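Me: I should like to understand how the descriptions of a protein structure are justified. Please take me through the reasoning step by step.

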Amino acid sequence: MSITPLYHVYDDEYQNRIFIKRDDLIPVSFGGNKARKAINFFAEIDSGDYDCIVTYGSSSSNHCRIISNMAAGRHMPCYIISPQEASVPTFNSQLMEMFGAEIIVVNVENVHETIENKLSELRNSGKKPYFIAGGGHGDLGTQAYVECYDEIVQYETDNHIKFDYIFFASGTGTTQAGLVCGQLFHKDERNIVGISIARKNPRGRQVIINSINEYLDGCGADASINEIENKTVFIDDYTGSGYSKANEEINADIRKMMIMHGIPMDTTYVGKAFSGMKKYIAANNINKLNILFIHTGGTPLFFDYLQGRNAE
Ligand SMILES: *Cc1c(COP(=O)(O)O)cnc(C)c1O
């Protein structure tokens with residue numbers, strides 16, 4: 001796994017030192033957390049007996065863009081089941097087409113059934129499909145962020161620094177589950193705060209806790225349910241109207257980050273979470289601390305934003 005750059009970007013008005021970890025710069029298909037996860041999935045695919053891939057996601061899915069890119073590079077057919085309700089063309093969907101993915105658009109309530117049918121159809125015709133859940137959800141996705149946590153701890157050791165907070169955009173929660181598991185393994189104390197980009201509590205947080213339990217079970221590790229619950233902080237105050245257009249404040253943060261630091265942020269995930277983090281810092285009187293924000297990617301969505309497209 002490549003180690004992504006981590007550096008100090010600026011000090012905020014409360015004298016917090018804000019650092020960023022550039023997972024958007026993972027050198028695969030425009031990077032992002034879906035690239036970090038995909039590298040793990042493809043390690044399993046490459047060492048197994050598979051000849052095609054089935055996954056799902058919307059037309060703006062970073063996950064589907066990366067999976068279809070990596071599949072195309074291996075001359076493996078890639079089937080993407082995509083909900084009709086989120087099928088507006090974006091740079092991600094244009095890239096999926098460029099990679100020759102077969103995109104099967106169905107009503108959202110038929111996604112599950114269509115996946116099952118596609119998998120049996122492929123198996124019945126003698127193919128060996130590998131299935132990846134949407135967003136790279138699952139233990140290999142969680143594992144990717146246990147590895148990211150290891151990188152963060154290594155950075156701290158090398159640079160004699162300790163991050164008091166780690167923030168990032170939290171969606172399906174796989175990223176957050178990996179970070180919390182990493183923290184449990186390292187037995188260190190700090191606040192890991194997932195800023196929800198769409199889901200509400202209690203479900204959003206419960207999905208993360210389930211992923212953590214599943215992963216810990218898989219590696220035979222255990223932690224008390226109390227400890228897991230205490231460490232899983234999922235903030236749903238800044239979702240706006242869910243998977244939506246940015247408001248003025250988010251737009252201003254995106255422009256400022258690009259102009260001052262040359263770092264692109266999209267409106268659906270990273271810009272929204274960054275803005276949310278700033279509000280959380282102010283609301284909780286956080287000051288004079290070291291704060292790490294993980295940039296989880298979505299670069300093509302930044303260009304949709306530039307074009308004034310409503311990337312959902
Ligand atoms: C998918 C995604 C997220 C959310 O990651 P989860 O592991 O699903 O919580 C955050 N940022 C970007 C850019 C994403 O594509």
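Reply: Helices are DSSP runs of at least four residues and strands are runs of at least two. By that rule, the protein chain of this predicted model has 11 helices and 10 strands.

Me: How do you know that the radius of gyration of the protein chain agrees with a compact globule?

Reply: The rule is 2.2 Å times the number of residues to the power 0.38. For 312 residues this gives a value near 20 Å, and the protein chain has 19 Å, so the two agree. The C-alpha trace spans about 60 × 50 × 35 Å along its principal axes.

Me: What makes a residue count as buried, and what percentage of the protein chain is buried?

Reply: A residue is buried when its relative accessible area is under 20%. Of the 312 residues, 54% meet this condition.

Me: How do you know what span helix H7 should have?

Reply: The expected span is 1.5 Å times one less than the number of residues. Helix H7, residues 203-218, has 16 residues and should therefore span 22 Å; its end C-alpha atoms are 22 Å apart, which agrees.

Me: Which residues of H7 are called buried, and what do they pack against?

Reply: The buried residues include Gly-204, Val-207, Ile-208, Tyr-215 and Leu-216. The buried residues of H7 pack against helices H5 (139-159), H6 (174-186) and H8 (225-231), and against strands E7 (165-170) and E9 (233-235).

Me: Which residue with a positive phi follows H7?

Reply: That residue is Gly-220, with a phi near 65 degrees.

How values were computed: Residues numbered from 1 in each chain as written. Predicted model: local features only at pLDDT ≥ 70, side-chain atom pairs only at ≥ 80, totals over all residues. Heavy atoms only, no water. Buried < 20%, exposed > 50% of the residue type's maximum accessible area, 1.4 Å probe, protein only. Contact = heavy atoms within 4.5 Å.
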